[in-house]
Amino acid sequence: MKYKVLVVDDSIVMRRIITDLLSEDGEIEVVGTARNGAEAIEKVRTLNPDVVTMDITMPHMDGIECVEKLVQMKPEVLILVISALADK
C-alpha cells in the first residue's frame, strides 16, 4: 500500500523539494499540491490523502487555521507541519 500525500506550501520551490524528496520513497505517492490552506481543504476533499504536509505561514488561510479545519473535517488524516518559521 502506498501512502497518499498532499504537499501544502506557498513556495513553489518548497513544494517541488518536498515532492521530490517524498517521491524517492516507493511507499509514498504525492497525489497533489496546494498553495494555501483554502486550496488544501478543497484538495483533501477531492484527493483523499492519508498524509498532508503543512506549511504554517501562507496567504488566504494559514497552516494553523487549515489544520484546525482538517481535524474537524477529516480527523483520520495525518498532518506533518514543515516550516522554516522559528523564534530566535
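Visitor: What places arginine 16 and aspartate 20 about one turn of the helix apart?
Guide: Both lie in helix H1, four residues apart. An α-helix has 3.6 residues a turn, so residues three or four places apart point the same way. Helices here are DSSP runs of H or I with at least four residues, strands are E runs of at least two, and both are numbered from the N terminus. This is a predicted model, where local features need pLDDT of at least 70 and side-chain atom pairs pLDDT 80 or more, while totals for chains, interfaces and linings use all residues. Residues are numbered from 1 along each chain as its sequence is written, and side-chain values use heavy atoms, without hydrogens or water.

Visitor: What makes arginine 16 and aspartate 20 a salt bridge?
Guide: The rule asks for a side-chain nitrogen of Lys or Arg within 4 Å of a carboxyl oxygen of Asp or Glu. Their N to O distance is 2.9 Å, so the pair meets the rule. By this rule the count comes to four salt bridges.

Visitor: Why is aspartate 20 called partly exposed?
Guide: Buried means under 20% relative accessible area, exposed over 50%, and partly exposed in between (1.4 Å probe, protein chains only). Aspartate 20 has 37%, so it falls in the middle class.

Visitor: Which residues are linked in a network of salt bridges?
Guide: Arg35, Glu39 and Lys43. Arginine 35 and glutamate 39 come to 2.9 Å, N to O. Glutamate 39 and lysine 43 meet at 3.9 Å, so this pair is also within the limit. Glutamate 39 and lysine 43 are four residues apart in helix H2 (residues 37-47), about one helical turn.

Visitor: Is glutamate 39 buried or exposed, and how do you know?
Guide: Its relative accessibility is 18%. That is under the cut-off, so glutamate 39 counts as buried. Lysine 43 has 26%, so lysine 43 is partly exposed.

Visitor: How do you know which side of H3 the buried residues Gly63, Cys66 and Leu70 occupy?
Guide: Gly63, Cys66 and Leu70 are buried in H3. They cover an arc of only 60° around the axis, so they sit on the same side of H3. The arc is that of the directions from the helix axis to the C-beta atoms. The buried residues of H3 pack against H2, S3 and strand S4 (78-81), with contact meaning heavy atoms within 4.5 Å.

Visitor: Where is glutamate 65 found?
Guide: Glutamate 65 is in helix H3 (residues 63-73). At 34% relative accessibility, glutamate 65 is partly exposed. Its C-alpha atom is 9.3 Å from that of alanine 38, 27 residues apart along the chain.

Visitor: What is unusual about the phi of asparagine 48 and histidine 60?
Guide: Most residues other than glycine have a negative phi. Asparagine 48 has a positive phi of about 50°, and histidine 60 has a positive phi of about 70°. Asparagine 48 lies in the loop between H2 and strand S3 (51-54). Histidine 60 lies in the loop between S3 and H3. Asparagine 48 has 40% relative accessibility, so it is partly exposed. Histidine 60 has 73%, so it is exposed.

Visitor: Why does isoleucine 12 count as exposed?
Guide: Its relative accessibility is 61%, so it passes the upper cut-off. Isoleucine 12 lies in helix H1 (residues 12-23).
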